[in-house]
Amino acid sequence: MITSVVQLILQLSGHFLSLLTCVVIILLGRGAALIISKKAFDYLLDHMLDIHKRKVNIIMPYSMDYDKYMSMLNFFNSYIRRIGDFLDEAVVEDVACTAPFVTIGSFVYTEGLGLLDKAAYVILLPQDYKDRSENSQSPRFCNCVSPVAKELLFKCGGDTALIEENGIAKRCRINKIEYPID
């Protein structure tokens, strides 16, 4: 986005814009962007491309029911778009690798507000979820289209979420997010 703004200004100014002005525009634009490590950026980019590549195979089992199929297609298109939008605005710098938000495949550590209970969640694709125990207590595996996962996806560390499990709703704070990065 910042690059496209600089390119537009260069075109409009007849290429007489000084290098100093370009640097100022870039620095001003950086204030609105989120800073991310190269490792986290690369992970998110690879993850987004992998989900995009596998999307048709992921949603194919839902093809017999038009409404479910379209719901899954819209979910994954929106998911891919949100990561792409984030990456378009992100500024890569030499900082510690931290996960900026919850994605499919990430580990999410929460703590109940007003309660002492802590929980860990892993958000999985539907076909990966089928192979996991639904009764696992730590971590709790969530299908990415489940209400719990939808509440957690794209939340950041420190955000709160309303998690409903077994008919009981509880508000929790996201303490830590980890990506499965080697």
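The protein chain comprises six helices and seven strands, where helices (H or I, at least four residues) and strands (E, at least two) are DSSP runs numbered from the N terminus. This is a predicted model, in which local features need pLDDT of at least 70 and side-chain atom pairs count only at pLDDT 80 or more, while totals for chains, interfaces and linings use all residues. Residues are numbered from 1 along each chain as its sequence is written, and side-chain values use heavy atoms, with hydrogens and water left out.

**Exercise 1.** State which pattern the protein chain follows along the sequence, and what share of its residues is buried.

*Solution.* Step 1: read along the sequence, the pattern is α-α-β-α-α-β-β-β-α-β-α-β-β. Step 2: apply the criterion for burial, under 20% relative accessible area (exposed is over 50%, partly exposed in between; 1.4 Å probe, protein chains only). Step 3: of the 182 residues, 36% count as buried.

**Exercise 2.** Determine the strand order of the open sheet of five strands and identify its edge strands.

*Solution.* Step 1: two strands pair if DSSP finds at least two bridges between them. Step 2: the order is S5-S4-S3-S7-S6, with mixed pairing. Step 3: strand S5 (140-143) and strand S6 (160-165) each pair on one side only, and are the edge strands. Step 4: strand S3 (residues 107-112) and S7 run antiparallel and are joined by six bridges. Within S7, Cys172 is the bridge partner of Gly112.

**Exercise 3.** Characterise the aromatic pair of Tyr43 and Tyr179, and decide whether each residue is buried or exposed.

*Solution.* Step 1: rings of Phe, Tyr and Trp (its six-membered ring) pair if their centres lie within 6.5 Å; planes under 30 degrees apart count as stacked, over 60 as edge-to-face and the rest as tilted. Step 2: the structure holds six aromatic pairs. Step 3: Tyr43 and Tyr179 are 4.7 Å apart centre to centre, with 25° between the planes, and form a stacked pair. Step 4: Tyr43 belongs to helix H3 (residues 38-59) and Tyr179 to the segment after strand S7 (168-178), 136 residues apart, and the pair thus links distant parts of the chain. Step 5: Tyr43 is buried because its relative accessible area is 14%; Tyr179 counts as buried because its relative accessibility is 9%.

**Exercise 4.** Name the residues of the ring cluster and find which charged residue lies over the face of Phe154.

*Solution.* Step 1: ring pairs join Phe75, Phe76, Tyr79, Phe86, Phe101 and Phe154 into a cluster. Step 2: a charge sits over a ring if NZ of Lys or CZ of Arg is within 6 Å of the ring centre and within 35 degrees of the ring normal. Step 3: Arg82 lies over the face of Phe154, 4.1 Å from the ring centre.
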